[in-house]
Amino acid sequence: MSWLPPDDDEDEPYGAYDESAVRSRPNPKANRPRSKQRPAHDDAVVGRIVTVDRGRYLALIDEGEPTERAVICTRARELRKTAIVTGDRVDVVGDVSGEEGALGRIVSVHERRTLLRRSADDTDAVERIVVANADQLMIVVAAANPEPRPRLVDRYLVAAFDAGISPLLVVTKTDLADPTAFLAHFAGLDVRVITSSAEHPPLDALHALLRDRTTVAVGHSGVGKSTLVNALVPTAHRAIGRVNSVTGRGRHTSSSTVSLRLPDGGWIIDTPGVRSFGLGHVNPDSILIAFEDLAEVARSCPRGCTHLTDAPDCELVEAAARGELGDLGPQRLDSLQRLLTTLTRSAY
Ligand SMILES: Nc1nc2c(ncn2[C@@H]2O[C@H](COP(=O)(O)OP(=O)(O)OP(=O)(O)O)[C@@H](O)[C@H]2O)c(=O)[nH]1
Ligand SMILES: [Zn+2]
C-alpha cells in the first residue's frame, strides 16, 4: 500500500540548487519590518524527517516527549527545489496534530551538520543526498559469502570521509572465514572494526557505539545487514508513531531509507534502496582532511598536488621516504593514496 501520490524526489539532487536563496529570501519591500513577512511561520514546530516517499515527508515532532507524533508533510512551494531528506530537521506548519488525514507543510530546512551524498555513478557530478545529520556510517561487509571486496569498502569510506561522519566497519560471518587478511587493508586507517558471527553477534558492543547517535547502515545484498539491524532494533521498538501503518513498514514504500529507533536512544537509518555509491561529486581534499596528521604535512605540497606516488615534489611522498611520518605513516599514506585513486578509477 502506498500512502502517497507519486512524485520523484526521493533521494534528491542537491548540488544544482541554491538553498541559500530559500533560507534568506531578500525582502522585496525592504522598508517593511521583517516580522510582517513571516507571520505564517511563527507557529512552526520542529520535526525530524524519518522517511521520504514520493514527495511526502514523515516528520517526527516533539521527539521523546509524551506529545510525540509523526506528521505527514508536504513542502512549501518555495522549497520545491530544495532537497529534504531523512535526518533533516525542518520547521513544519499547517495541521501538525498527527491525526488521521492531517497534513503538515515544511517551510524550512535547518542547516545540516553532516551530509551523506552520492552521485548516480562516478562520472556524474550531480550529487544526491542520502541522509542528513548522521554521525556514523556503519559499513557492513561479510568475511565470506559474499567475498569481501576491499575496494567496495574503500568507496564507502570515501563517502563517509566526504560526509564528515565517522566510519564503523562491521565484518559479519566470521564463522565462515577469518577476516584477518581482509582487515589488513584497513590497518592504516582510523576505522573502528567490529566482527560478528552467527553465534556471537556483538550486540553489546554495537549498542554502546550506536547509543544516542544517528548511524547510517550500508552494505551489499547478502552480507547480513538486515540480520544485524533486526537484532539491534527489536520489533517492539520499531513503531514510530503511525509511521509503520502509513508507510507499510518500509517494505512497500519507494523510500530509499528507513529510520529505526534504537532501544537505548539514537537512530539507525537503513538504506535498502541505495544500490550504488557513485563518487563523482567528491572533492579529494575532503578525504585528505580525514587524515589529520597527513593533511598537516601536505600543507607544504605544491598547489594541486595529487599526493600519489608519482606526484612531483609531493611533501607526503618525500616525508615518508625520509622516514618522517612515523611508524604508521607509510601505511597511512598508502591508505590515503588508495582512497584518492578510488575517485579516479571507474566504478567497479
Ligand atoms: N554464517 C553466517 N550467516 C549469516 C550471518 N549473518 C547473516 N547470515 C546469513 O546471511 C544471509 C543474508 O543475511 P541478510 O541479513 O538477509 O543480508 P542483507 O545484507 O540484509 O541482504 P539483503 O536482505 O539482500 O539486503 C542470511 O541467510 C543470514 O542468515 C553470520 O554471521 N554468519
Ligand atoms: Zn602531495
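The shell around ligand 1 in this predicted model is made of three nonpolar, nine polar and three charged residues. In total, 15 residues surround ligand 1, and the closest are Ser 221, Gly 224, Lys 225, Ser 226 and Thr 227. Which element gives the largest share of that shell? Helix α5, spanning residues 225–232, supplies three residues and with them the largest share.

Away from the ligand, let us turn to the strands, beginning with the barrel. Five strands close into a barrel in the order β1-β2-β3-β5-β4, and their pairing is mixed. On average, neighbouring strands of this sheet are turned by 55° against each other, with direction ignored.

Strand β5 is a good place to look around. How many of the residues of β5 (104–109) are buried? Six of its six are, so to speak of the strand as mostly covered is fair by the definition of burial, which asks for 20 or more other C-beta atoms within 10 Å of a residue's own. On one side β5 pairs with β3 (residues 69–75) in the parallel sense, and in this pairing Cys 73 has Gly 104 of β5 as its bridge partner. Strand β5 also pairs with β4 (residues 89–94), here in the antiparallel sense, and Asp 91 stands opposite Ser 108 in β5.

Asp 91 turns up again in the pairing of β4 with β1: in β4, Asp 91 is the bridge partner of Val 46. Strands β1 (residues 45–53) and β4 run antiparallel.

As general background for reading these strands, side chains in a regular strand alternate between the two faces of the sheet.

The second sheet is an open one. Its six strands follow the order β10-β9-β8-β11-β13-β12, again with mixed pairing. Which strands form the edges? They are β10 (192–195) and β12 (258–261), each of which pairs on one side only. From one strand to the next, the twist averages 25°. Inside this sheet, β8 (residues 136–142) and β9 (residues 166–172) lie parallel, and Leu 137 has Pro 167 of β9 as its bridge partner.

Here are the strand pairs with their bridge counts, for quick reference:

| Strand pair | Sense | Bridges |
|---|---|---|
| β3 and β5 | parallel | three bridges |
| β4 and β5 | antiparallel | five bridges |
| β1 and β4 | antiparallel | four bridges |
| β8 and β9 | parallel | seven bridges |

Terms used:
Residues are numbered from 1 along each chain as its sequence is written. Chains are lettered from A and ligands numbered from 1 in the order in which they are written. This is a predicted model: local features need pLDDT of at least 70, side-chain atom pairs count only at pLDDT 80 or more; totals for chains, interfaces and linings use all residues. A residue is near a molecule or strand if its C-beta atom, placed from the backbone, lies within 6 Å of it. Helices (H or I, at least four residues) and strands (E, at least two) are DSSP runs, numbered from the N terminus. Ala, Val, Leu, Ile, Met, Phe, Trp, Tyr, Cys and Pro count as nonpolar, Asp, Glu, Lys and Arg as charged, and the others, Gly among them, as polar. A residue is buried if 20 or more other C-beta atoms lie within 10 Å of its own, exposed if 12 or fewer, and partly exposed in between; C-beta atoms are placed from the backbone. Two strands pair if DSSP finds at least two bridges between them. Axes are lines fitted to C-alpha atoms, for helices over the stretch in contact, and angles run from 0 to 180 degrees between N-to-C directions.
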